[in-house]
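Work through the exercises below with the sequence and the structure open beside the text. Try each task before reading its solution.

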Amino acid sequence: MSNYSYALTLKKDIFVVGDLNCNLLKSGPESDALNELCSSLNLFQLIKEPTRVTLQSSSLIDVILTSNTSLVVESGVEETHISDHFLVYSILKLKLPKKLPDYMVIRSFKNYSSEAFKNDLEQLIWQENPIDQGVNQRLDIFNQKFLSVLDMHAPIKTVKIKRRLCPFVDQEIVQLMKKRNALHKLARQTLQALDWDRYRSCRNQIKRKLRESERKFVYKRINDKNSNNNSLWKTVREFGAKAAEESKALITSYGLTSTHPDIPHKFSAEIHKFHFHPVSCDVIRKIVCSFPSNKSPGPDKVSVKVIKDALPYILQPFTDIVNCSLRESLFPSAWKLSEVIPLLKEGDHEIAKNNRPISLLLAASKISERVVLEQFTAYVEQKKCLSVHQSGNRKLHSTETLNLFISDKILKSMDDKEVVAVILLDLSKAFDSIDHVLLLKKLQVLGVSDDALCWFKSYLTGRQQGSILGPMLFNIYINDLPMVPKNGNLKSYVDDSKLLLSFSVNEVDSAAAKLNEDLRRVVSWCSLNSLLINPNKTKLLVFATRYMLKHADTGRFPYFTIGEKTVSCDLSH
């Protein structure tokens, strides 16, 4: 009854189908009670014929109940021999609901003139009494003046989103589709074998045309000399195979204790700490020019292209705002705004977990973050703060450098007649799980001054995922993870880590115990740092020569666990 009551709240037509084990062909206490229940719930029973017939009896125990009989075109019983119950069916008269149009908010550049926009900006007086103004007040005044001029030249409008046609479907294919639909309609009317053959032939021809047209389109996009790397990977993601697994939460309470060392104190009090220093207009100009102009704008709909047009007139007041933010150790509240859009990974887009949230940041906030990133990166590289085991989000490092290290390690172990076990670790929603209090402590340990630490605290407060500084801060957050294993080596690319251990074929049992110990220590570290390992994406790979795999007791390898989950094993040679 609770499910039925919930269904009523949705204001939808209700159908109940099932074997109620109550014979409605005979009058009795059970059938009378069912009929009374249907009457009280405004349900109508559609099946009138026996649904189970034996030598001794015939009964109607399989029913279809509905709250709206006007939708029913036909209902009845189909005699089958699948079981001793006949099949009950109902044909409904349904219409697909018309999809509501989608709208989006944009800036209209239909009548935009760069020269006219710059002429109006030139007339503005940006700062009247800047001495007594804080960074938030300065930014509010700047936004008010800048946006008022921009709104005159590129007003914000709400427009209906037009459906994009498939880029590789040409007019020939469209005409073939119309012909296919007509042939299908004719075949359903005549029920002639010849008409059905014509329809199938046209349908198969369209499939071949679509595959060939898509292949040519992708080939052309990839080989386009004018395209950049972003366009290339956009094409690969759009038309390539997609693989995504459902991420399940890992239970953290398995009696795990803290087996990792405390946050290492790498710097003593005497060592010079990290401080922000003021930036010049030339630095801001260089940063603005380094941003691509085709990136999506944030909530204010101000693109980098517009900022580049206005840069000669806003450079000095904008530089003052950035320096004021660093001086006051305060990240402006207006720059924390972002527009979060869902990017479908797989499945039903109405289910939240099937979407990846993408944050569209304000262009001005990204410029300010880039200033901080350049200063902090220079300090981190000078002091060599980052672990050498991290290959992600670092200059001169990439997946290629990590793969070269892993490959070299595996080949060297094979030359030494050793087996290499590699556990591929994957963290669930790592960027969303960061503990900001713990991150600030780790920044302090790296030598970040109190003033700079206050700026980072202001920056992190009230933020959503997605930022220029995010990758660097994540590297700092997991910087001590490679020190956790006692027996193997741990290498990382952002949140994807690999735990490696080399051993001889005679040491399988001890190697399995060592790997389990290291894995338990890593799981414990993750739990204490508010991170969760995704067991469904964590795999064990074993590399060795054919000879070594043949003589090794590989039956011991699959017994690696994360909580109650067993890590699957693949053998490679």
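The exercises go from the whole chain to single helices and then to single residues of this predicted model.

**Exercise 1. The whole chain**

Task: State how many helices and strands the chain has, and what share of its residues is buried.

Solution: Start with the secondary structure, which comes to 16 helices and 18 strands. Next take burial: of the 573 residues in the chain, 38% are buried. Then turn to the surface, where the chain exposes about 34,600 Å² and carbon and sulfur atoms supply 53% of that area. Last come the contacts with a separation of 6 or more, of which 72% join residues 24 or more positions apart.

**Exercise 2. Helix α4**

Task: Compare the span of α4 with the expected span, and find which elements its buried residues pack against.

Solution: Helix α4 covers residues 135-153, which is 19 residues. From its first C-alpha to its last it reaches 27 Å, close to the 27 Å expected at 1.5 Å a residue. Now list the buried residues of α4: V135, R138, L139, F142, F146, V149, L150 and H153. An α-helix has 3.6 residues a turn, so residues three or four places apart point the same way. In α4, V135, R138 and L139 are among the buried positions, as are F142 and F146. The partners of the buried residues are the strand β8 (103-107) and the helices α3 (114-122) and α9 (304-328).

**Exercise 3. Two packed helices**

Task: Decide how α12 and α14 are oriented to each other, and sort the residues of their contact by type.

Solution: Two packed helices are described by the angle between their axes and the distance between the axes. For α12 (residues 436-445) and α14 (residues 470-477), the angle is about 80 degrees and the axes are 9 Å apart. An angle from 65 to 115 degrees counts as roughly perpendicular, so α12 is roughly perpendicular to α14. On the α12 side the contact holds L438, L439, K442 and L443, and on the α14 side L473, I476 and Y477. These residues divide into 6 nonpolar, no polar and 1 charged.

**Exercise 4. Helix α13**

Task: Name the buried residues of α13 and the helices they pack against.

Solution: Within α13 (residues 450-460), the buried residues are A452, L453, W455, F456, S458, Y459 and L460. They pack against α9, α10, α12 and α14. Then look just after α13, where G462 takes a positive phi of about 70 degrees.

**Exercise 5. Two lysines with positive phi**

Task: Determine whether K11 is buried or exposed, and do the same for K301.

Solution: Take K11, in the loop between α1 (2-9) and β1 (15-19). K11 is not a glycine, yet it has a positive phi of about 55 degrees. Its relative accessibility is 78%, so K11 counts as exposed. Now take K301, in the loop between α8 (281-290) and α9. K301 is not a glycine either, and its phi is positive at about 60 degrees. With a relative accessibility of 11%, K301 counts as buried.

**Exercise 6. Residues in loops and one in a helix**

Task: Place L386, T538, C166 and S213 in the chain, and classify the exposure of each.

Solution: First, L386 is in the loop between α10 (363-383) and α11 (399-415). Its relative accessibility is 13%, and buried means under 20%, so L386 is buried. Not counting residues up to four places away in sequence, L386 touches V380, R394, M472, N475, I476 and N479. L386 and I478 are 92 residues apart in sequence, while their C-alpha atoms are 9.7 Å apart.

Second, T538 is in the loop between α15 (508-528) and β15 (539-543). A relative accessible area of 1% makes T538 buried. The C-alpha atoms of T538 and S497 are 9.7 Å apart, and the two residues are 41 residues apart along the chain.

Third, C166 is in the loop between β9 (156-160) and α5 (171-190). At a relative accessible area of 35%, C166 is partly exposed. C166 and E214 are 48 residues apart along the chain, with 9.6 Å between their C-alpha atoms.

Fourth, S213 belongs to helix α6 (residues 193-222). S213 has a relative accessible area of 14% and is buried. Leaving out residues up to four places away in sequence, S213 touches F168 and I173.

Terms used
Residues numbered from 1 in each chain as written. Predicted model: local features only at pLDDT ≥ 70, side-chain atom pairs only at ≥ 80, totals over all residues. Heavy atoms only, no water. Helix = DSSP H or I, 4+ residues; strand = E, 2+ residues; numbered from the N terminus. Expected span 1.5 Å × (residues − 1). Buried < 20%, exposed > 50% of the residue type's maximum accessible area, 1.4 Å probe, protein only. Contact = heavy atoms within 4.5 Å. Axes fitted to C-alpha atoms, helices over the stretch in contact; angles between N-to-C directions. Parallel < 35°, antiparallel > 145°, perpendicular 65-115°, else oblique. Nonpolar A, V, L, I, M, F, W, Y, C, P; charged D, E, K, R; others polar. Areas by Shrake-Rupley, 256 points an atom, 1.4 Å probe, with all protein chains shown as cover.
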